[in-house]
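Student: Hey, have you got a few minutes to go through this structure with me? I'd like to poke around a bit and ask questions as I go.

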Amino acid sequence: MNKIVVVGAGISGLSMANHLEKHKIDYHIYERRKKEDLAGHGFLIPQEGIEYLSQIIDPAVLFEHGSFLKKYVQYSHTGKKLAEKDLNKVFAISRHALIHLLSRNISPEKITYNTSVIPSDTEKGKLKHSDGSYIDADITIVSDGSKSRIRRCLFKDEKMRQVQENEVVNIIQNEEIAATIENDFIKFHHDQGGLTFGILKLSHDTILWYSQFDNEKYKINECSSDNLKKYMLEVFADWDPLVSSIIQKSSYENVHLWCVYELEELNPFYKDNIVFIGDAAHPLIPFTSQGVTSALKDSYILTKYLVEEHSITDAFRKYEAERKPEIETHINNGRILLNQFLLPTDQQTDNILPISYK
Ligand SMILES: Cc1cc2nc3c(=O)[nH]c(=O)nc-3n(C[C@H](O)[C@H](O)[C@H](O)COP(=O)(O)OP(=O)(O)OC[C@H]3O[C@@H](n4cnc5c(N)ncnc54)[C@H](O)[C@@H]3O)c2cc1C
């Protein structure tokens, strides 16, 4: 039996563990964060992602932890309706809730928190724990996120670049604010482009809001919650009253600034006995809303080939051949969505939905 180590307990690492559990394949996960540290944002998950999630989480339980959004409504920053589209089974859930649900089937002895796995400086291609001891595994599944240290070490020529967009994301519990929005996904766009304010209802008393901004036009030098609050109050002061009132009434306890990066070119998804899944294999910009679905598909397909194939290399090769073309489509769609976002609204022409479909 192959000894499997999974690095990272985000969406991809935990969904991988769920699939391995289903096939009764042994594994161990090492996760850098402490178990209780679950800071983060939330996800829009299209129907396909829900189908993959339903294979590892009871759908009834899943649906209690988020909400289906009925339609997408796009407004100008002053509140003029620009477009509206019905959403076909797009689900919104906080990262915290999804991680919690995915962790439920993992027994505590199979996951070690608060420990990093990093590349060895001395032994090429080997991975070690932060205490210096080497990882002893036949297969290492790396799911340590978009800035994967292991990927950067194995593929030294890779080039990461900052995307011309940052996001301020906040999740607030406030029944009064949540009551003011239907189960819709609402997004306000500045007429001149490069600045949006989006609102998603996660439950009867919780909403997620976010601001996407062109980081060449809007600069944030310090990401403390006080500074982010100041930025939001200043920049959105004269926007539609729904936006400015949400910004004023929000607590800023959970606010976070995300800087978005992408790979200039994808690397191979594996090297020797190390294979990458999720953002570690292929960072996707938030505009695609496909990060979670892609992570879920990666773990499902990799498990399928690990079960079917006799050789690890064949399993990895088939996994990469199946996943890479679809990821390339999402990367291209993401770039189109980014370019649209940077344009004034009267020049935006393509698909209005902030979701990449293959
Ligand atoms: C602002 C924002 C909005 C987004 N919105 C959406 C959306 O609406 N829909 C959607 O589908 N996707 C969205 N995404 C993308 C989505 O968050 C990612 O695609 C998804 O979380 C990828 O999961 P992952 O498990 O691959 O990586 P991560 O979630 O980054 O998990 C990596 C894990 O590895 C751990 N780790 C890191 N280094 C080490 C190490 N050396 N050793 C051990 N553990 C380590 C980390 O602590 C973390 O737990 C968004 C992303 C951002 C930034």
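Student: Let's start with Lys 24. Is Lys 24 buried or exposed?

Tutor: Keep in mind that this is a predicted model. Lys 24 counts as exposed, because its relative accessibility is 72% and the cut-off for exposed is over 50%.

Student: Ok, and where is the place of Lys 24?

Tutor: Lys 24 sits in the loop between helix 1 and strand 2 (28-30).

Student: What about the phi of Lys 24?

Tutor: The phi of Lys 24 is near 55°, so a positive value, in a residue other than glycine. For background, most residues other than glycine have a negative phi.

Student: Which loop has Asp 272 in it?

Tutor: Asp 272 is in the loop between strand 15 (270-271) and strand 16 (274-276). Asp 272 is not a glycine either, yet has a positive phi of about 50°.

Student: And is Asp 272 buried or exposed?

Tutor: Asp 272 counts as exposed, at 63% relative accessibility.

Student: Cool. Switching to the ligand: how many residues surround the ligand?

Tutor: There are 31 residues around the ligand, and the closest are Ser 12, Glu 31, Arg 95, Asp 279 and Val 292.

Student: What does Arg 95 do with its polar side-chain atom there?

Tutor: A polar side-chain atom of Arg 95 lies 2.6 Å from an oxygen atom of the ligand. Asp 279 also has a polar side-chain atom by a ligand oxygen, at 2.8 Å. With Arg 32 the backbone is involved: one of its backbone N or O atoms lies 3.1 Å from a nitrogen atom of the ligand.

Student: How much of the ligand does the protein bury?

Tutor: The protein buries 89% of the 1,000 Å² that the ligand exposes when taken alone.

Student: Which elements give two or more residues to the shell around the ligand?

Tutor: Those are helix 1 (11-22), strand 3 (42-45), strand 10 (160-173) and helix 9 (291-308). The largest share, three residues, comes from strand 3.

Student: And how do the shell residues divide into nonpolar, polar and charged?

Tutor: The shell around the ligand has 11 nonpolar, 13 polar and seven charged residues.

Student: New topic, helix 8. Which residues of helix 8 are buried?

Tutor: In helix 8 (residues 241-249), the buried ones are Val 243, Ser 244, Ile 246 and Ile 247. They cover an arc of only 160° around the axis, so they are on the same side of helix 8.

Student: What's on the face turned away from the buried side of helix 8?

Tutor: That face carries the exposed residues Pro 241 and Gln 248.

Student: And what do the buried residues of helix 8 pack against?

Tutor: They pack against helix 6 (175-179), strand 11 (185-189), strand 12 (195-203), strand 13 (206-213) and helix 7 (225-235). At the start of helix 8, a side-chain oxygen of Asp 240 also reaches to within 3.0 Å of the backbone nitrogen of Leu 242.

Student: Now Arg 151. Is Arg 151 buried or exposed?

Tutor: Arg 151 is buried, since its relative accessible area is 1% and buried means under 20%. Arg 151 lies in helix 5 (residues 149-154).

Student: Which residue's side chain makes a polar contact with the side chain of Arg 151?

Tutor: That's Glu 158, at 2.8 Å. Arg 151 touches several other residues too, including Met 160, Phe 276 and Asp 279. And Asp 279 is one of the residues closest to the ligand.

Student: How about Asn 18, buried or exposed?

Tutor: Asn 18 is buried, with a relative accessible area of 3%. Asn 18 lies in helix 1, and touches Ile 56, Leu 102, Asn 105 and Ile 106, leaving out residues up to four places away in sequence.

Student: How many residues apart in sequence are Asn 18 and Asn 105?

Tutor: They are 87 residues apart in sequence, and 6.7 Å apart in space, C-alpha to C-alpha.

Student: Last one: which residues does Glu 326 touch?

Tutor: Not counting residues up to four places away in sequence, Glu 326 touches Lys 297 and Lys 358. Glu 326 is found in helix 10 (residues 312-342) and is buried, with a relative accessible area of 13%.

How values were computed:
Residues numbered from 1 in each chain as written. Predicted model: local features only at pLDDT ≥ 70, side-chain atom pairs only at ≥ 80, totals over all residues. Heavy atoms only, no water. Near = heavy atom within 4 Å. Polar contact = N/O pair within 3.5 Å; in protein donor to acceptor, adjacent residues only side chain to side chain. Areas by Shrake-Rupley, 256 points an atom, 1.4 Å probe, with all protein chains shown as cover. Helix = DSSP H or I, 4+ residues; strand = E, 2+ residues; numbered from the N terminus. Nonpolar A, V, L, I, M, F, W, Y, C, P; charged D, E, K, R; others polar. Buried < 20%, exposed > 50% of the residue type's maximum accessible area, 1.4 Å probe, protein only. Arc of directions from axis to C-beta. Contact = heavy atoms within 4.5 Å.
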